[in-house]
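Trainee: I have a structure open and I am new to it. Could you help me learn how to read it?

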Amino acid sequence: MQLDVVLPSLNQIRELAVICKAWSPCLAFLQRAYACPVVPAVLENFRIHRTGAGYGALEDLRMATENGLHLLLFGGRAVRLREIVLDGVHIDWDIPMVGLKRLDARRMPLSVMPTWDRFAQIVHLSPHLRELTLDGCAPKFSLVDADLSILRLPIPSLRSLNLGGMSIPFLLRVAYLLETPNIIELVL
């Protein structure tokens, strides 16, 4: 199996991309990477893509992750991560995420996304965040219009913002919440 080759070398890999068709191989990777004793000491860029259909079978997902329990990416030991791409795969958002330059989250149900407070914390701990993609998912926030002004989040270093896969009213709320004064690329 490829994981038997990759995981023992995890301490020397700087960039890792995992592409799977279904949820079960993604889950197998996340579980094996969590249990792996090798520390991903130099891992800076991590991408995991699930290329299959969207989250149509949420019951299977809930059962496979113990009723929605999120997964600790590399056991929280990949402290040098600068780029994280999660495409159709969710993780435990409470792992250390500091100094990110790129955060790309796609095709996830709201139930597995971080709270707005945790998302804001990740952004504050990543002062050089330059690229943000929220496509088919977004952090959980209050939909009460009166609450929106107190939730606004400044991201002064952000240059590229990609928002999509949401209803127009929801997308407009997300765009309003993100203060991006230095943006040079916007994809809606």
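Mentor: Happily! Let's begin with how a helix sits on strands. In this predicted model, α2 lies across β1 and β2. Its direction makes an angle of about 150° with β2.

Trainee: Which strands make up the open sheet, and in what order do they come?

Mentor: To read a sheet, follow the strands from one edge to the other. Here the order is β1-β2-β3-β4-β5-β7-β9, seven strands with parallel pairing. The edges are β1 (15-20) and β9 (185-187), each of which pairs on one side only. On average, neighbouring strands of this sheet are turned by 5° against each other, direction ignored.

Trainee: How many bridges join β2 to β3?

Mentor: Five bridges link strand β2 (residues 45-50) with strand β3 (residues 83-87), and the two run parallel. You can find His49 standing opposite Asp87 of β3.

Trainee: And what comes after β3?

Mentor: Carry on one strand at a time. β3 pairs in the parallel sense with strand β4 (residues 102-106), over five bridges. Glu83 stands opposite Arg102 in β4. Next, β4 pairs with strand β5 (residues 131-135), again parallel and over five bridges. Arg102 has Glu131 as its bridge partner in β5. So you can step across three strands by going from Glu83 to Arg102 and on to Glu131.

Trainee: Now the inside. Which residues have the most contacts inside the largest nonpolar core?

Mentor: First, the general idea: in soluble globular proteins, nonpolar side chains tend to be buried together. In this model the largest nonpolar core has 59 residues, and Phe29, Phe46, Phe74 and Trp93 have the most contacts inside it. Helix α2 (residues 23-35) gives the most to this core, with six residues.

Trainee: What does Phe46 touch, leaving out residues up to four places away in sequence?

Mentor: Its partners are Leu16, Val18, Phe29, Leu73, Phe74, Leu81, Glu83, Ile84 and Val85. Notice that Phe29 and Phe74 are among them, and both also belong to the group with the most contacts inside the core.

Trainee: Could we look at one residue in a helix? Is Ile122 buried or exposed?

Mentor: A residue counts as buried when its relative accessible area is under 20%. Ile122 is buried because its relative accessibility is 2%. This residue is found in helix α4 (residues 116-124). Setting aside neighbours within four places in sequence, Ile122 is in contact with Trp93, Met97 and Leu100. The C-alpha atoms of Ile122 and Pro96 are separated by 8.5 Å, although these residues are 26 apart along the chain.

Trainee: Which other residues of α4 are buried, and what do they pack against?

Mentor: Along with Ile122, the buried residues of α4 are Trp116, Arg118, Phe119, Ala120 and Val123. The buried residues of this helix pack against β4, β5, α5 (145-151), β6 (153-154), α6 (168-177) and β8 (178-179).

Trainee: Finally, how do I read the protein as a whole?

Mentor: Start with its parts: the secondary structure comes to six helices and nine strands. Of the 188 residues, 46% count as buried. Then look at the overall dimensions: the C-alpha trace spans about 50 × 35 × 25 Å along its principal axes. A compact globule with 188 residues would have a radius of gyration near 16 Å, so the 17 Å of this protein agrees. As for contacts between residues at least 6 apart in sequence, 73% join residues at least 24 apart.

Terms used:
Residues numbered from 1 in each chain as written. Predicted model: local features only at pLDDT ≥ 70, side-chain atom pairs only at ≥ 80, totals over all residues. Heavy atoms only, no water. Core = buried A, V, L, I, M, F, W, Y, C linked by side-chain atoms within 4.5 Å. Buried < 20%, exposed > 50% of the residue type's maximum accessible area, 1.4 Å probe, protein only. Helix = DSSP H or I, 4+ residues; strand = E, 2+ residues; numbered from the N terminus. Contact = heavy atoms within 4.5 Å. Pairing = 2+ DSSP bridges. Axes fitted to C-alpha atoms, helices over the stretch in contact; angles between N-to-C directions. Rg over C-alpha atoms; globule rule 2.2 N^0.38 Å.
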